[in-house]
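Subject: Structure handover and notes

Hello,

Here is the structure for you to load. My notes follow below it.

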Amino acid sequence: MILSAAIAFGNVLLPALIRRSVPARRIQSVSALYVTVMGLMAAVSSGISAPLAHAVPGSWHTALAWGVAFTVAAFLAWLPRMRGDEPQASTGGAHSPVPWRSRIAWQVTFFMGLQSLAFYTAVAWLPSILADRGTSSTTAGWMLFYYQVVSLAASSLLPLLTRGRHDQRWTAAGASVLVGAGFTVLLVAAPALGVLACTLLGLGGGACLVLALTFQSQRASSSGEAAALAGMAQSIGYLVAASGPLLLGILHDATDSWTLPLTVLAVLGIATAVAGHGAGQDRHMGRPAR
């Protein structure tokens, strides 16, 4: 509960901090940078925890405790920024209500939830899907690793490919279609085209994650609005995302096949594209598109 609460606060506050501290033209680049660093740190942590547990005194206790060093470093790095950090109406720091009645806020929310659902489902079930269709368990594990590497590369490169573009509608829609296409390839051509499927899923998924987090900053006119939008998008979005692996697993057990689950995921790729097209408009909540 403590870890989840801390992660939730961090996830919601970061888009607001970016909106307050970064020029509008750099929001996407900074969002992509923190997504990439977050992914790399998660990968490193996952990779070294087990070897550390076997190599150092204290077993898994010590392996978990190494993260405290990074926590302390982060705390010390943020201390200077805490001085004089008071809400100011002139800078948009005042509290903003959750934008329940904003159409674009709901589009950002659904885009966040659906792209997260696709990601968590892929992480949870991709090796099982590939193994069920004839791939060895070892190869299936490496395919998951490959998918995550491609996703990190896509999240890093997206700002370079979209530099100077304020309207992100077709970028978000196109990335979502790539995810849907990846699930379609898994459905009709796995394992022969497993690498292609993972490439499409990684490219689309990495781009969608950066866009989903960027929109939470870009569609707000102040840091207060960004925090409110991020709270809405991530609370509802992650609730949608968390249901994905469970419901897809239930569908698989009920049909004894991955055909229906993969079909559902491919169709949801189109729904994600629709939500992304709306969320990518160059506008703020409550204001007309430019």
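Leaving out neighbours within four places in sequence, His252 is in contact with Ser257, Trp258 and Pro261. This is a predicted model, so please read everything here in that light. His252 sits in helix 9. It has a relative accessible area of 17%, and is therefore buried, the cut-off being under 20%.

Asp256 comes a little further on, in the loop between helix 9 and helix 10. Its phi is positive, about 55°, although Asp256 is not a glycine. Asp256 has a relative accessibility of 66%, so it counts as exposed.

There is another residue with a positive phi to check. Ser59, also not a glycine, has a phi near 55°. Ser59 belongs to helix 3, residues 59-65. At 35% relative accessibility, Ser59 is classed as partly exposed.

Helix packing

Two packed helices are described by the angle between their axes and the distance between the axes. For helix 8 (residues 194-218) and helix 9 (residues 223-255), the axes come within 8 Å and cross at roughly 145°. On the helix 8 side, the residues are Leu213, Phe215, Gln216 and Ser217. They meet Ala226, Leu229, Ala230, Ala233 and Gln234 of helix 9. By class, that contact has 6 nonpolar residues, 3 polar ones and no charged ones.

The cores

Which residues touch the most other members of the largest nonpolar core? They are Val108, Phe111, Leu211, Phe215 and Met285, out of 30 residues in that core. Two or more residues come from each of helix 1, helix 2 (27-55), helix 5 (103-132), helix 7 (169-189), helix 8, helix 9 and helix 10 (259-279). Helix 8 gives the most, with 7 residues. Another core lies apart from this one. It has 25 residues, including Ala122, Ile129, Met143 and Phe183.

Phe215 deserves a look of its own. Neighbours within four places in sequence aside, Phe215 is in contact with Val108, Phe111, Gln168, Ala172, Leu229, Gly276, Ala279 and Gly280. Val108 and Phe111 are also among the core residues that touch the most other members. Leu229 is also one of the helix 9 residues in the contact with helix 8.

Thr272 and Gly180

Thr272 is in helix 10. With a relative accessible area of 6%, Thr272 is buried. Beyond its neighbours within four places in sequence, Thr272 is in contact with Phe111, Leu114, Gln115 and Ser176. The C-alpha atoms of Thr272 and Val179 are separated by 9.2 Å, with their positions 93 residues apart along the chain.

Gly180 lies in helix 7. Is Gly180 buried or exposed? It is buried, at 7% relative accessibility. Gly180 touches Ala266 and Gly269, not counting residues up to four places away in sequence. Gly180 and Gly205 are 25 residues apart in sequence, and their C-alpha atoms are 9.8 Å apart.

Two kinked helices

Helix 1 covers residues 2-21. At 1.5 Å a residue, its 20 residues should span 28 Å, and its end C-alpha atoms are 28 Å apart, so the two agree. Helix 1 has a kink of about 25° at Leu13, shortly before the proline Pro15. Pro15 is buried, as are Asn11, Ala16 and Ile18.

Gly10 is also in helix 1. At 27% relative accessibility, Gly10 counts as partly exposed. Its C-alpha is 13 Å from that of Val35, which is 25 residues away along the chain.

Helix 6 has 25 residues, 137-161. It reaches 35 Å from its first C-alpha to its last, close to the 36 Å expected at 1.5 Å a residue. A kink of about 25° lies at Ser155, shortly before the proline Pro159. Both Ser155 and Pro159 are buried. So are Ala140, Met143, Leu144, Tyr147, Val150, Ser151, Ala154 and Leu158. Met143 is also one of the residues in the core of 25.

Where to start

I would open the view at Phe215, with its contacts to Val108 and Phe111. Then go to the kinks, at Leu13 in helix 1 and at Ser155 in helix 6. The positive phi values at Ser59 and Asp256 can come last.

Best wishes

Notes
Residues are numbered from 1 along each chain as its sequence is written. This is a predicted model: local features need pLDDT of at least 70, side-chain atom pairs count only at pLDDT 80 or more; totals for chains, interfaces and linings use all residues. Side-chain values use heavy atoms; hydrogens and water are left out. Helices (H or I, at least four residues) and strands (E, at least two) are DSSP runs, numbered from the N terminus. The expected span of a helix is 1.5 Å times one less than its number of residues. The bend at a residue is the angle between axes fitted to the seven residues ending there and the seven starting there. Buried means under 20% relative accessible area, exposed over 50%, partly exposed in between (1.4 Å probe, protein chains only). Axes are lines fitted to C-alpha atoms, for helices over the stretch in contact, and angles run from 0 to 180 degrees between N-to-C directions. Contact means heavy atoms within 4.5 Å. Ala, Val, Leu, Ile, Met, Phe, Trp, Tyr, Cys and Pro count as nonpolar, Asp, Glu, Lys and Arg as charged, and the others, Gly among them, as polar. A nonpolar core is a set of buried Ala, Val, Leu, Ile, Met, Phe, Trp, Tyr and Cys residues joined through side-chain atoms within 4.5 Å.
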